[in-house]
Amino acid sequence: MTSSSADCQCYQRPAVSHLQSTTRNDRPAVSHSVHSHSHTQMDDSGVTGIGSNNVGNEPITVDEQSPKRSPKRRANQSEVWDHFQKLEKVEGQKQKAVCNHCAQIFTCDSNSNGTSSMKSHIKLICRQYEYSQFNLNKNPGKRQKILGFEPVNGGGTGTVPKLTAVSFSVEACRKALAEMIILDELPFRFVEGQGFKRFIYVVQPKWENPPGRLTVAKDCIKIYQDGKKSLKRALKDQRICLTTDTWTSLQNLNYMCLTAHFIDCDWKLHKKILNFCLVPNDKGETLGKVVEECLVEWGIDKFLTITIDNAKSNDGIIDFLKKKTKKRDTTILDHDYLHVRCCAHILNLVVREGLKDVDVSIARVRNVVRYVRSSPQRYAKFRSCCDKEKIVSKLVPCLDVATRWNATYFMLEGALIFQKAFERLEVEDNLSLNVGVSEDEIGVESVGNELEEEVHGGIGGLINIRNFEKQHERGQGKGRGKHVTHGTPSSDDWNVVEMYVEVLKVFYILTEKFSGSLHVTCNTFFKEIMTIKTAIVKLENCEDPKLKALAIGMNKKYDKYWGKFEKINSLLLYANVLDPRYKFVYVRWSLNKHYEKSVVENKVIEIQEGMLKLFNWYEKRSVQFGKTQNVGEFSRNEKVSKEYMNFCEEMDDEFERHMEEENNMVSKSELERYLMESKEDSKVHGDKFDVLAWWKVNSPRYPILSQMVRDILAIPVSTVASESAFSTGGRVLDPYRTSLSPKVAEALICAQNWLRGPTQISLREALDEVEALESGNTL
């Protein structure tokens with residue numbers, strides 16, 4: 001019995017201990033005395049167990065069977081106790097705890113304080129705990145990482161993203177969110193939407209508190225400021241070319257966009273918006289002052305050209321900048337080459353002059369397009385006709401703008417696609433269209449002359465053009481004409497329209513070449529204007545009287561701007577010679593096709609002398625820079641005599657001259673050697689020839705000439721780069737965000753331009769965007 005009782009007693013102790021442990025876990029808030037009472041009640045009631053059955057129904061407690069021990073202290077549940085230690089409590093004071101890492105003391109009374117402050121301390125600001133937010137921000141590499149794919153910028157279908165380890169960072173998330181707001185032109189209130197918050201919770205639950213609209217706005221401004229500092233460093237000691245244009249927003253505020261164009265040391269072309277700022281008016285001197293202020297703000301004192309459209313007030317910009325910067329040491333030849341006229345705008349004037357006496361066939365097509373777009377019901381009938389004729393196209397017939405010939409081209413091109421639908425609509429709807437169209441609307445000479453002097457060309461000018469047209473429709477403009485009735489187009493009219501489309505397509509392609517944004521454009525300028533001249537001459541020699549009339553009007557405007565080369569910046573002609581595919585061979589050949597031999601020879605000599613004069617300026621500056629460097633070297637090395645170095649240089653020069661005489665060679669400058677070498681075969685390279693890549697490879701052979709080429713090839717021949725910013729401005733300053741301040745609008749538009757990679761500007765898309773912004777019509 002003794003051994004048996006002992007065995008039973010040994011087995012009974014863990015059963016009671018287990019019972020006590022279970023009771024404590026089930027009732028964590030009950031005191032120790034309550035636990036003891038509960039144990040007694042359970043034992044007296046005859047709790048079944050091995051111990052109770054084997055010892056004569058006498059309850060056996062822990063005190064009776066083992067030495068007396070203190071009750072087990074309850075474990076602290078909060079995670080903060082892994083980093084804090086409770087201090088000995090002082091009578092009359094609250095319980096305190098000390099941080100194990102930085103020894104900072106916190107009050108931790110369970111009734112009044114809790115552990116929130118300690119949790120915030122260890123999670124966010126403890127500088128001795130390596131995984132606090134403070135230290136993780138300083139050392140992001142210590143964060144726990146997961147595998148992910150790096151984003152590939154511009155990657156095609158064959159691009160394989162790189163697998164890398166990434167870690168969560170609130171700062172990185174905020175920066176990416178601000179960049180998304182800028183790039184996608186989203187309103188600041190987007191981050192406070194319920195859908196966005198739900199999306200963030202699913203994608204990244206660790207991001208507990210995404211920023212609000214004010215914080216995101218500050219982050220966007222910071223991105224702009226950081227980008228501005230970075231761009232300033234890139235523009236340091238860089239000669240740039242400028243484009244500028246003005247625009248009126250929905251707020252009735254005048255904005256000016258100033259864009260810098262330059263080629264870096266790696267022979268990469270860059271186009272960066274410098275400013276998108278308010279201007280009080282569009283007077284030439286006012287705009288000139290604003291441009292000067294912007295250049296001073298950026299620390300830019302070396303600029304070669306400024307490209308502007310043909311608005312008469314823009315001449316004041318050129319005059320002001322010449323007067324203020326002509327005598328600077330960094331100015332090239334007293335700014336003789338400063339003014340570049342927008343070629344896209346001139347081509348618009350040339351073609352519009354030919355379309356001034358608009359053909360009746362075009363007017364009739366305009367009639368049916370206007371009829372279809374006039375109401376949703378008519379447009380629905382038109383779409384029904386398209387379905388019956390099995391015309392599958394998502395295009396919408398567009399109405400042209402009388403002052404934009406390319407808009408007329410788009411209208412006619414689109415109308416030809418729906419020709420059968422228009423003919424069916426005429427039959428089914430008994431369409432007669434005896435609707436009057438004013439002469440102002442189809443273009444009269446008085447309107448054309450007024451717009452040429454007062455309305456800016458390009459995309460941004462559409463806004464002013466539309467306001468101008470509305471005035472004429474109400475009879476407020478000049479040249480108010482009577483209403484003329486044209487009816488609907490016949491089959492002969494459609495044939496004439498098809499002929500016009502073929503002709504205008506050539507000029508539209510040339511406009512796109514002038515407006516290129518991913519490559520240099522000045523090197524092919526001379527070739528393009530000679531192509532325009534050839535196209536006009538071909539139209540003059542054709543038998544169709546309508547095309548002859550079109551050519552006569554075009555030739556008149558062409559001779560005004562490009563015929564005698566007086567209004568062409570000579571640098572654009574030099575750029576053609578500096579293209580190794582052309583040189584002077586192409587200049588002579590193309591001029592001989594349209595001009596007399598004496599005129600050609602005089603022009604070639606003028607180009608040669610101008611290029612030599614410009615090259616001598618660069619050569620002189622290069623020699624001066626070299627002497628400055630040598631002086632610095634002498635001051636650092638006093639052991640070398642200046643006279644001795646000069647003597648050595650003279651000996652070296654004499655030896656070189658002797659070698660040239662021995663080889664029967666005459667000393668040539670870099671420019672002369674370049675012109676004497678044979679040109680590159682254009683048939684071998686075709687349109688894929690990269691003039692910048694050629695000069696990058698050959699720049700060691702022409703160290704001085706290559707500097708001149710870098711500056712010249714950066715010249716833009718159109719203002720499309722600046723005007724395209726107005727499409728962005730129209731979307732940023734939409735009717736729902738007109739309260740944005742000009743400074744914030746400038747930050748968003750400039751930062752978007754800096755964040756985005758080089759993108760091709762589509763003239764058609766840009767024109768459609770401006771039309772939609774202005775009209776608000778979805779048809």
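A salt bridge is a side-chain nitrogen of Lys or Arg within 4 Å of a carboxyl oxygen of Asp or Glu, and Arg174 forms one with Asp219, where the closest N and O atoms are 2.8 Å apart. The structure, which is a predicted model, holds 19 salt bridges. Its chain comprises 33 helices and 12 strands, and buried residues account for 43% of its 779 residues.

**The chain overall**

- Among contacts between residues at least 6 apart in sequence, 70% join residues that are at least 24 apart.
- The chain exposes about 43200 Å², and carbon and sulfur atoms supply 50% of that area.

**Helix 7 and its surroundings**

- Helix 7, formed by residues 170–183, has 14 residues and reaches 20 Å from its first C-alpha to its last, which is close to the 20 Å expected at 1.5 Å a residue.
- Cys173, Leu177, Ala178, Ile181 and Ile182 are the buried residues of helix 7, and what covers them includes helix 8 (194–203), helix 9 (213–235) and helix 32 (742–755).
- After helix 7 comes Glu185, a residue with a positive phi near 55°.

**Salt bridges between separate elements**

- In the pair of Arg174 and Asp219, the N and O atoms that come closest are 2.8 Å apart; because Arg174 lies in helix 7 and Asp219 in helix 9, this pair ties together parts that are 45 residues apart in sequence.
- The two partners differ in burial class, since Arg174 counts as partly exposed at 31% relative accessibility, whereas Asp219 is buried with a relative accessible area of 13%, the cut-off for buried being under 20%.
- Glu601 forms a salt bridge with Arg588, with 3.2 Å between the closest N and O atoms; Glu601 lies in helix 25 (residues 597–636) and Arg588 in helix 24 (residues 583–594), so the pair ties together parts that are 13 residues apart in sequence.
- Glu601 is partly exposed, with a relative accessible area of 31%, and Arg588 is likewise partly exposed, with a relative accessible area of 31%.
- The side chains of Arg701 and Glu677 meet in a salt bridge at 2.3 Å, N to O, and this pair links distant parts of the chain, with Arg701 in the loop between helix 29 (691–698) and helix 30 (703–713), and Glu677, 24 residues apart from it, in the loop between helix 27 (670–676) and helix 28 (682–685).
- Arg701 counts as partly exposed at 38% relative accessibility, and Glu677 counts as partly exposed at 31%.
- Lys388, Glu389, Arg424 and Glu428 are joined into one network by salt bridges that share partners.

**The open sheet of 3 strands**

- One open sheet has 3 strands in the order 1-2-3, with antiparallel pairing; strand 1 (84–86) and strand 3 (105–107) are its edge strands, each pairing on one side only.
- Neighbouring strands of this 3-stranded sheet are turned by 30° against each other on average, direction ignored.
- Strand 2, residues 96–99, pairs with strand 3 in the antiparallel sense over 3 bridges, and Val98 stands opposite Ile105 in strand 3.

**The open sheet of 5 strands**

- Another open sheet has 5 strands in the order 8-7-6-9-10, with mixed pairing; strand 8 (269–278) and strand 10 (339–341) stand at the edges with a single partner strand each, so one side of each is left without a neighbour in the sheet.
- In this 5-stranded sheet, neighbouring strands are turned by 25° against each other on average, direction ignored.
- Strand 6 (residues 240–248) and strand 9 (residues 303–308) run parallel and are joined by 3 bridges, and Thr243 stands opposite Thr307 in strand 9.
- Helix 10 (residues 284–298) lies across strand 6, strand 7 (254–263), strand 8 and strand 9, and runs at about 50° to strand 7.
- Helix 11 (residues 315–325) lies across strand 9 and strand 10, and runs at about 165° to strand 9.

**A buried loop residue**

- Thr521 lies in the loop between helix 20 (491–514) and helix 21 (525–540), and it counts as buried because its relative accessibility is 5%.
- Leaving aside residues up to four places away in sequence, Thr521 touches Lys513, Phe514, Gly516, Ile715, Pro716 and Val717.

Methods
Residues numbered from 1 in each chain as written. Predicted model: local features only at pLDDT ≥ 70, side-chain atom pairs only at ≥ 80, totals over all residues. Heavy atoms only, no water. Helix = DSSP H or I, 4+ residues; strand = E, 2+ residues; numbered from the N terminus. Expected span 1.5 Å × (residues − 1). Buried < 20%, exposed > 50% of the residue type's maximum accessible area, 1.4 Å probe, protein only. Contact = heavy atoms within 4.5 Å. Pairing = 2+ DSSP bridges. Axes fitted to C-alpha atoms, helices over the stretch in contact; angles between N-to-C directions. Areas by Shrake-Rupley, 256 points an atom, 1.4 Å probe, with all protein chains shown as cover.
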